[in-house]
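Hi everyone, thanks for having me. Could you pull up the sequence and the structure on your screens while I talk?

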Amino acid sequence: MAQVNQGVRETVYPQAAQPLYRTLSQIAISAVTPIAAVLVALACGAALLWLNGFNGSDIVTVMIFGSFQDMRSVGEILLKATPLILIGAGLCVAFRCSIWNIGAEGQLYVGAIAATLVGTNFDGLSVWVHAPLVMLAGALAGAAWAGIAGYLKVRFQASEIVTTIMLNYIALILTSYLVTGPMRDASAAYPQSARLIREAWTPRIVSDMRLHIGILVAIVLAVALYIFLQRSSRGFALRVVGLNPHAARYAGMQVARNVMIAMCISGAMAGLAGAFEVAGVTHRLYQNISPGYGFEGIAVALLAGNNPLAAIVSGGLFATLRSGSEVLQITSQVPQVLVLVIQGIVILSVVAFAKLRDILRIVA
Amino acid sequence: MDDMMFLTFLATLVGAAWRLATPLIFASIGEVFSERAGVLNIGLEGTMLVGAFCGFAAAFATGSVPLGLLAGIAGGMLFGLVFAVFTITIKADQIVVGAALNLLGMGLTAFLFRTYYVSTGKGIEIAQPVLIPFLSDIPFLGEAFFRQNLIVYSTVLVAVLASLVLFRTSFGLTLRAVGEHPKAVDVAGRNVAAYRYGAVMVGTGLAGLGGAFLTLGHSNQFVEGITSGRGFIVLAVVVFARWSPIGAFFVSLLFGLFYALQLMLQAQASIIVPYQVLQALPYIMTIITLVVLRGKGAAPSKLGQPYEMR
């Protein structure tokens, strides 16, 4: 609750471990802001639809409830939630350390490339070896790609905002080069890589649904990152660096190392998300394998107040909105990009409400 | 004869570089104002998109390029007003708000474009080159410098004017003080927030103009994400230019050269490197720029920090 919004610069000190009931009540209180923010964003979205001749109430009936038709559609939402939770939870760690990693999209792509390389080679491995190997390759590649920006920041003070965004474009161009060139499946009409070997595929949870175990991995990792941030000394150090690097330096913490760790954790999570997209969903590498999950992850983390545990919920919410926007496009021809507008307004509302709460607290 | 061909190539290259640099010149000079006042606007990508869309929509409706440009500026400033309210009045984190505005700009422009224009498939009349008498007939130099449209020529004027305002007027002095030592400005009885609002409006107005150039002076169509990262490259340009408008002009030209080189080399079939390497050139150069120019000696000391009166 103390760090609900990093956007508000106030003197908040990281807290030591606290009893569970306090954590629970804090969760309840801190849930008010994001819920209000989402409602405002949906209202704005409805207004936008109405102003442009669409049916405004569709935003509730179709976008929210329309995507919960049956088990299969819930499975599709969870499938979309997987990369969002992974990236969102990873970015929580970076943002807590005041590292503005805007490059999750690129890290996702590099993770997908590495996963494809490992998944199309090494024939003959058992699924118990090959599938985890693919995930590991994705995570490592994502971490390395983010590590470039981290290194440039600690070594040359190059703004990570700019470098991670540039690395996004470079990763996208690299992917386009690989699937049209060296990694192209020559027999296919469209640029795409060869199909991953079956043992490399991420196992499905139910055989007739696309949902794979990635969602479980995402939830477990989000919980792990929450424990890491709140309960480990390294997590404490990351948060101190994020709040006040000078104080951290005086306290004997190595700022550069913590920056690198925060960067690489968020990169690994995005890279893993990329690996799951290839190994769990498409089974091939394509030029546009992500519909912007890397950018959406930023909104997921901010809505979660940079708390990895809350990122599970906000990731699920954004996945619902994304699924809903697809339904809305099919049923009412509403352009699917509406979801970007809603994301933007969610972030702005979170910021505004956090400020409002501060003002109310001062008044009270 | 080979030399002649090379010179022709060079002249075309420089001419194209200036054209391709134009959106960067406007937006980076604008961002210099904003950052000099202590406001880091990473929402420029979204702002430029809004400018590009508003410019396109206005020109589509009226058939007039000047009205389109005005609409681009107005759209940029309207978007900038949102940024200013959130970062200056509400004092929210500038990076968070900037990221939100990028999403909003991308989403809104794509939403409206798909709703109203995508099926029409029609383009708009764009600004035509104005040949400067005599000068445009000079071999090579004429092709490089004197056969541009008026928007491109105006970049020189904007750069000089911006430099004069920033360094030779008391408004400019106060603006820079707001970014370096807002408390001093406050104590001197000037309104810090008002100056920051002004700086952000100038910045986003110019970013809107830069975006509008993309649809009104370069392509004749709006395309989703037409800015393709220029709003972010601008941030690096400003660092490279050491927060100077004239510097921003020349650094933008350099980036324009990368864009032009990429396009012209792509057209050459004999090239050995894959075209994607050339495509990545502006982005790679941006990173290299930041690394080579390390150290932030010239950065306004209060860049990115909201001002709290105490």
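I'll go through some aromatic rings, a few helices, a cavity and a handful of single residues.

First, some housekeeping. This is a predicted model, where local features need pLDDT of at least 70, side-chain atom pairs count only at pLDDT 80 or more, and totals for chains, interfaces and linings use all residues. Residues are numbered from 1 along each chain as its sequence is written, chains are lettered from A and ligands numbered from 1 in the order in which they are written, and side-chain values use heavy atoms, with hydrogens and water left out.

Okay, rings. How many aromatic pairs does the structure hold over all chains? There are 19. To count as a pair, rings of Phe, Tyr or Trp (its six-membered ring) need centres within 6.5 Å; planes under 30 degrees apart are stacked, over 60 edge-to-face, and the rest tilted. Take B:Phe56 and B:Phe60: their centres are 5.6 Å apart with 45 degrees between the planes, a tilted pair. Both sit in helix H2 of chain B, residues 44-62, four residues apart, or about one turn of the helix. By the way, helices here are DSSP runs (H or I, at least four residues), numbered from the N terminus. And here's a handy bit of background: an α-helix has 3.6 residues a turn, so residues three or four places apart point the same way.

Are those two rings buried or exposed? I'm calling a residue buried under 20% relative accessible area, exposed over 50%, and partly exposed in between, using a 1.4 Å probe and protein chains only. B:Phe56 is buried because its relative accessibility is 1%, while B:Phe60, at 27%, is partly exposed.

For another kind of geometry, look at B:Phe145 and B:Phe146. Their ring centres are 6.3 Å apart and the planes meet at 65 degrees, so this pair is edge-to-face. B:Phe145 has a relative accessible area of 35%, so it is partly exposed, and B:Phe146 is partly exposed too, at 22%.

Now back to B:Phe56 and B:Phe60, because there's a wider group: ring pairs link them with B:Phe53, B:Phe113, B:Tyr117 and B:Phe222 into a cluster.

Rings can also have a charge over them. That's the case when NZ of Lys or CZ of Arg is within 6 Å of the ring centre and within 35 degrees of the ring normal. Here the charged end of B:Arg230 sits over the ring of B:Tyr259, 4.8 Å from its centre.

Next up is helix H11 of chain B, residues 245-267. What span should its 23 residues have at 1.5 Å a residue? The expected span is 1.5 Å times one less than the number of residues. That gives 33 Å, and the end C-alpha atoms are 33 Å apart, so the two agree. At the N-terminal end of H11(B), B:Ser244 acts as a cap, with a side-chain oxygen 3.4 Å from the backbone nitrogen of B:Ile246.

While we're on contacts, a polar contact is a pair of N or O atoms within 3.5 Å; within protein, one must be able to donate a hydrogen and the other to accept it, and residues adjacent in sequence count only if both atoms are side-chain atoms. B:Thr87, in helix H3 of chain B (residues 65-89), reaches the backbone oxygen of B:Phe83 with its side chain at 2.8 Å. B:Thr87 is buried, at 2%. Over in chain A, the side chains of A:Glu160 and A:Lys153 are joined by a polar contact of 3.0 Å. A:Glu160 lies in helix H7, residues 160-180, and is buried at 4%.

Last topic: two residues with positive phi that aren't glycine. A:Asn306 has phi near 60 degrees and is found in the loop between H12 and helix H13 (308-332) of chain A. A:Gln333 has phi of about 55 degrees and belongs to the loop between H13 and helix H14 (338-363) of chain A. Which is buried and which is exposed? A:Asn306 counts as buried because its accessibility is 1%, whereas A:Gln333 is exposed at 57%.Oh, and the cavity I promised! On a 1 Å grid over the protein atoms alone, a cavity is a set of points where a 1.4 Å probe fits but cannot get out, and lining residues have an atom within 4 Å of a point. The whole structure has one cavity of 30 Å³ or more. H4(B) gives the largest share of the lining, three residues.

Key:
On a 1 Å grid over the protein atoms alone, a cavity is a set of points where a 1.4 Å probe fits but cannot get out, and a pocket is an open set with protein on both sides within 12 Å along at least five of seven lines; lining residues have an atom within 4 Å of a point. Grid points are joined across faces, edges and corners, and a volume is the space filled by probe spheres set on the points.
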